[in-house]
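Here is a short briefing to read alongside the structure. Have the model open as you go, and take the topics in whichever order suits you.

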Amino acid sequence: MGVFDFKRRTKLGKWMDRNRVSQEWMIKNIPLNRKTIYNLCNDIDHEPIETTQLKIISKLRRVGYDVKIDDFWD
């Protein structure tokens with residue numbers, strides 16, 4: 001990777017960066033495995049199934065974030 005290569009992040013990954021929510025926090029607090037969380041944050045072609053989306057939205061709402069599915073996925 002060169003100096004001008006930037007890490008590509010998904011909408012969820014960018015939201016996590018802005019809100020200082022770490023991938024480690026997600027792994028510890030949402031029943032999803034590490035690779036799934038990584039893909040959700042970094043693979044712009046990854047489209048999670050609805051149950052995965054709901055797990056994430058539900059947990060983020062329980063801890064006080066005002067988020068909805070279409071904030072992260074089309």
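**Helix α4 and its surroundings**

K59 sits in helix α4. Please keep in mind as you read that this is a predicted model. From K59 we move to other residues of interest, then to the core, helix α3 and the largest pocket.

**K59, a charged residue with little exposure**

- K59 counts as buried because its relative accessible area is 17%, and buried means under 20%.
- Leaving out residues up to four places away in sequence, K59 touches W25, N29 and I30.
- Between K59 and M26 there are 9.1 Å from C-alpha to C-alpha, with the two residues 33 apart in sequence.

**L60, also in α4**

- Helix α4 is home to L60 as well, and L60 is buried, at a relative accessible area of 0%.
- Beyond its neighbours within four places in sequence, L60 is in contact with W15, W25, M26, Y65, V67 and F72.
- For a sense of distance, L60 and N42 lie 18 Å apart, C-alpha to C-alpha, and 18 residues apart in sequence.

**Y65, after the helix**

- Y65 belongs to the segment after α4.
- With a relative accessible area of 28%, Y65 is partly exposed.
- Its contacts, not counting residues up to four places away in sequence, are W15, N19, V21 and L60.
- One of these partners, N19, is 46 residues from Y65 along the chain, and their C-alpha atoms are separated by 9.5 Å.

**The nonpolar core**

- The largest nonpolar core holds 17 residues, and those with the most contacts inside it are L12, W15, M26, I56 and F72.
- At least two residues of this core come from each of α1 (11–19), α2 (23–29), α3 and α4 (50–62).
- As a general point, nonpolar side chains in soluble globular proteins tend to be buried together.
- F72 touches K11, L12, W15, I57, L60 and V67, again setting aside residues up to four places away in sequence.

**Helix α3**

- At the start of α3, a side-chain oxygen of N33 comes to within 3.0 Å of the backbone nitrogen of K35.
- I37, N39, L40, C41 and N42 are the buried residues of α3, and they pack against α1, α2 and α4.
- N39 lies in this helix, which covers residues 34–42.
- Is N39 buried or exposed? N39 is buried, because its relative accessible area is 15% and the cut-off is under 20%.
- T10 and H46 are touched by N39, not counting residues up to four places away in sequence.

**The largest pocket**

- How much space lies in the largest pocket? The answer is about 170 Å³.
- Its lining is made up of T10, K11, L12, L40, D43, I44, H46, E47, F72, W73 and D74.
- By type, the lining residues of the largest pocket divide into five nonpolar, two polar and four charged.
- Two residues of that lining, T10 and H46, are also the contacts of N39 beyond four places in sequence.
- L12 and F72 appear in the lining too, and both are among the residues with the most contacts inside the largest nonpolar core.

**A loop residue to look at**

- R20 lies in the loop between α1 and α2.
- Although R20 is not a glycine, it has a positive phi of about 55°.
- R20 counts as exposed because its relative accessibility is 80%, where exposed means over 50%.

Terms used: Residues numbered from 1 in each chain as written. Predicted model: local features only at pLDDT ≥ 70, side-chain atom pairs only at ≥ 80, totals over all residues. Heavy atoms only, no water. 1 Å grid on protein atoms, 1.4 Å probe; cavity = no way out; pocket = protein on both sides within 12 Å on 5 of 7 lines; lining within 4 Å. Points joined across faces, edges and corners; volume = space filled by probe spheres on them. Nonpolar A, V, L, I, M, F, W, Y, C, P; charged D, E, K, R; others polar. Helix = DSSP H or I, 4+ residues; strand = E, 2+ residues; numbered from the N terminus. Buried < 20%, exposed > 50% of the residue type's maximum accessible area, 1.4 Å probe, protein only. Contact = heavy atoms within 4.5 Å. Core = buried A, V, L, I, M, F, W, Y, C linked by side-chain atoms within 4.5 Å. Polar contact = N/O pair within 3.5 Å; in protein donor to acceptor, adjacent residues only side chain to side chain.
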